[in-house]
Amino acid sequence: MPDQFQLSSEFEPKGDQAQAIAKLNKSLSAGNKHQTLLGVTGSGKTFTMANIIAQQNRATLVMSHNKTLAAQLYSEFKNFFPNNAVEYFVSYFDYYQPEAYLPRTDTYIEKDSSINEEIERHRLAAMSSLLTRKDVIVVASVSCIYGLGSPDDYKEMMVSVAMGGELDRDDFLKDLVAIQYERNDISFTRGKFRVRGDVVEVYPAYLDEEAIRIEFFGDEIERISSFDPLTGHVAGQLEVYTFYPAKQFVTPTHKLKGAIKAIRAEVKERVEWFEKKDKLIEAQRIRMRTDYDIEMMTEMGFCTGIENYSRHLTGRPPGSRPGTLIDFFPDNFLTMIDESHASVPQINGMFAGDHSRKSVLVDFGFRLPSAMDNRPLKFNEFMPLTNQLLYVSATPSRFEIENSRVGGEEFIPFKNSKQRQAEGPVVARLPRISSTDQPAEKFDVTTVGRDLIVEQIIRPTGLLDPQITLRPLAEQIDETIELCRQRTEIDERVLITTLTKRTAEDLTDYLRRVDLRVRYIHADIGAIERVEILRALRAGEFDILIGINLLREGLDLPEVSLVCILDADKEGYLRSETSLVQTAGRAARHVNGEVVLFADTITKSITALINLTEYRRSKQIAYNEKHGITPKSVVRAVQKSLHVYDDGLDVNAAVVQETGEDFDVLEVIRELEGEMQEASQKLEFERAALLRDQVKELKLQAGMEEVKDPAKGKGRKGKVNYRRK
């Protein structure tokens, strides 16, 4: 198990990457709190971040503002550091309806959620790695600022076994139950254990396709081995193994007893308070609910909503901050905030929304006042915990810029949108505070008041920022159609951004009527379907994608050469300087990249975009001419659709194995389609999408095509028929 980060890449830093890496490393080594990497789209910011992590050799928290980008970063860092612990920590709910109460209609909404077991495994693996290794990178969403079990309690609850050690088997089983493992001799899944005489098999909740077998001889541990839980094949022998808790919220028995005593005291006090206020319903409500939860904790060691008692379970004083994933990191860890212009405001806004919802629950007797301490971190709590910060963005906001200019331990508070708007645009002024022209060895990082904002605007591929073209609003639809035809004729892709969902849908219908291959994407489309749409665009299954705000940060679409921004002069959130710069960046991975703005008025945001683009293009052109570089479009393979190929083969093989080679393909397809419709009705859309793709793969392999009934009208249901092509 290495303590050093080992960067694995066939590439060397190119363009601006080398100077950015050198300057940021120098700044971090000097102990500066804040620094900013201003990296344009396609400049290899992730590669720069990976080099900094490798050279700093410190545990690192990489934060992103949504799950999709976090997953992309996780995959990239996994490739860069195959021999180190790269973990993924995001919200583990596929579906989450928080507990809430609506006084106006007297409606109580019970907490309802669906936990993704794979993401829960990743979360537990992140916690375990941080306690046992130094070479850890955790890619996280804002989920990491929410309350989590105490690292001290987590360490205390670990169960270690050693070959040749003395241990009573029954005591070992009790220890497993205490750390939330469940015995199940039939269904052996993560977080479960089974017993067969003197052999105990445990499937740790944080491992992927690996279980641990402990063999006893009397009270002595004779053998410890790891094995495949599906096949039973032994992978290797172990001298020592440590089991970590199967749940994120775990409390030692002695602390649980003390917590229950404190909860009883609080509920007694709260009931008396309600009765004095003549709120008898609320008094009865809080008494019944808390008594039930206490009974569950006493008998099972756990209850639904146990996180609401976290202050008592961890022994924290009232009003104190909760323990979070950040507490699991060592003291000298590094924090990188990707797309910081979006992530920082999101971190800042988490506390207020949570506090508003919980205060209503407390006021009406659904929760004890101590539940208010189960919350995300406040912004002024988060900042001191983060040690050293690197903000990464193509469009850093005023918060990152001002703090990176100061660079000291004190930070300038986050300002709301009205305050920022009153202070005017930031992006247009960025070139004047850049440090790019300074060589790395002369880069001043020792004095307060310096600019620790490092630009990375030269792309390794030599690509320039896309050209900006202005066109009037009057004929924006007709001109957009003509521009789209020109690009599709040479097999290039187009993005179009509108201001509303209705406009996106209507424009999609209109373009289809003029024989353009087009689809739309917006927030009402599920995350899985969004990924599929973007994959299909890259694969050439259609040419034009229309969206609103989803065509911004992090989208890697090298085939897109044109971005059309409709109604670009409607100043506001969707047409702000940051939004325009981020949207324009989607065309920055193609050698023919162009951005067309339809506007009658040149707004401040448009001016900022034009000035910034001209500044960057001038530097990029000069660099290319000096080094004899010919720009090349980014080339990246298109990923397969939701595991279609592999899953289709698996389904085919499984069917053949069960029914023989002469199985009825048509019947199997119909059965799978029935399961797909059933899953869709139950809102299990991920399973429905997977079944859909398996059906497509079976049809493809069997040479089938659907026979449509011309007599079947819209909305009518009937049996679908197939025939061989």
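**Entry 1: Arg487 and helix H14**

I looked up the surroundings of Arg487 and found contacts with Glu492, Val494, Ser561, Leu562, Asn592 and Glu594, once neighbours within four places in sequence are set aside. I note at the outset that the model is predicted. I placed Arg487 in helix H14. Is this arginine buried or exposed? Arg487 has a relative accessible area of 11%, so I record it as buried.

I then traced helix H14, which covers residues 476-489. This helix lies across E20, strand E21 (493-497), strand E23 (544-547), E24 and E25. Its direction is at about 170° to E25.

**Entry 2: the six-stranded sheet**

I next examined the sheet itself. In which order do its strands follow one another? I read the order as E20-E25-E24-E21-E23-E22, in an open sheet of six strands with parallel pairing. At the edges I found strand E20 (467-471) and strand E22 (518-521), each of which pairs on one side only. On average, and with direction ignored, neighbouring strands of this sheet are turned by 20° against each other.

I checked one pairing in detail. Strand E24 (residues 560-565) and strand E25 (residues 594-598) run parallel and are joined by four bridges. For Val563 I found the bridge partner Val595 in E25.

**Entry 3: strands E1 and E19**

I turned to strand E1 (residues 34-39), which pairs with E19 in the parallel sense over four bridges. The bridge partner of Leu37 in E19 is Val454. I recalled that side chains in a regular strand alternate between the two faces of the sheet. In strand E19 (residues 453-456), I found Ile453 and Glu455 pointing one way, with Val454 and Gln456 pointing the other way. I recorded all four of these residues as buried.

**Entry 4: cysteines**

I searched for disulfides and found zero in the structure. How far from Cys484 is the nearest cysteine sulfur? It belongs to Cys564 and is 5.4 Å away. A disulfide requires sulfur atoms within 2.5 Å, so this distance does not qualify. Cys484 is buried, with a relative accessible area of 0%. I obtained a relative accessible area of 0% for Cys144 as well, and Cys144 is likewise buried.

**Entry 5: aromatic pairs**

I counted 19 aromatic pairs. For Tyr101 and Phe366 I noted ring centres 4.8 Å apart and planes at 40°, so the pair is tilted. I located Tyr101 in strand E5 (residues 100-102) and Phe366 in the loop between helix H10 (340-363) and helix H11 (379-385), so the pair ties together parts that are 265 residues apart in sequence. Tyr101 and Phe366 are both buried.

Phe172 and Phe216 form another tilted pair, with 6.1 Å from centre to centre and 50° between the planes. Which elements does this pair link? I found Phe172 in helix H6 (residues 169-178) and Phe216 in strand E13 (residues 211-217), 44 residues apart. Both Phe172 and Phe216 are buried.

I also looked for groups of rings and found one aromatic cluster formed by Tyr101, Tyr108, Phe364 and Phe366.

**Entry 6: arginines over rings**

I looked up charged groups placed over aromatic rings. The charged end of Arg194 sits over the ring of Phe188, at 4.1 Å from the ring centre. Arg270 lies over the face of Trp273, with a distance of 4.6 Å to the ring centre.

**Entry 7: Asn308**

I located Asn308 in the loop between helix H8 (280-300) and helix H9 (310-314). Is Asn308 buried or exposed? Its relative accessibility is 8%, and I therefore record Asn308 as buried. Leaving out residues up to four places away in sequence, I found Asn308 touching Glu99, Lys358, Arg367, Ser370, Ala371 and Asn374. I followed one of these, Ser370, further. Asn308 and Ser370 are 62 residues apart in sequence, and their C-alpha atoms are 7.3 Å apart in space.

**Entry 8: the chain as a whole**

I closed with totals for the protein chain. I listed 21 helices and 27 strands. Of its 725 residues, 51% count as buried. Among contacts with a separation of 6 or more, I found that 73% are between residues 24 or more positions apart.

Key:
Residues numbered from 1 in each chain as written. Predicted model: local features only at pLDDT ≥ 70, side-chain atom pairs only at ≥ 80, totals over all residues. Heavy atoms only, no water. Phe/Tyr/Trp six-rings, centres within 6.5 Å; stacked < 30°, edge-to-face > 60°. Helix = DSSP H or I, 4+ residues; strand = E, 2+ residues; numbered from the N terminus. Buried < 20%, exposed > 50% of the residue type's maximum accessible area, 1.4 Å probe, protein only. Lys NZ or Arg CZ within 6 Å of the ring centre and 35° of its normal. Pairing = 2+ DSSP bridges. Axes fitted to C-alpha atoms, helices over the stretch in contact; angles between N-to-C directions. Contact = heavy atoms within 4.5 Å.
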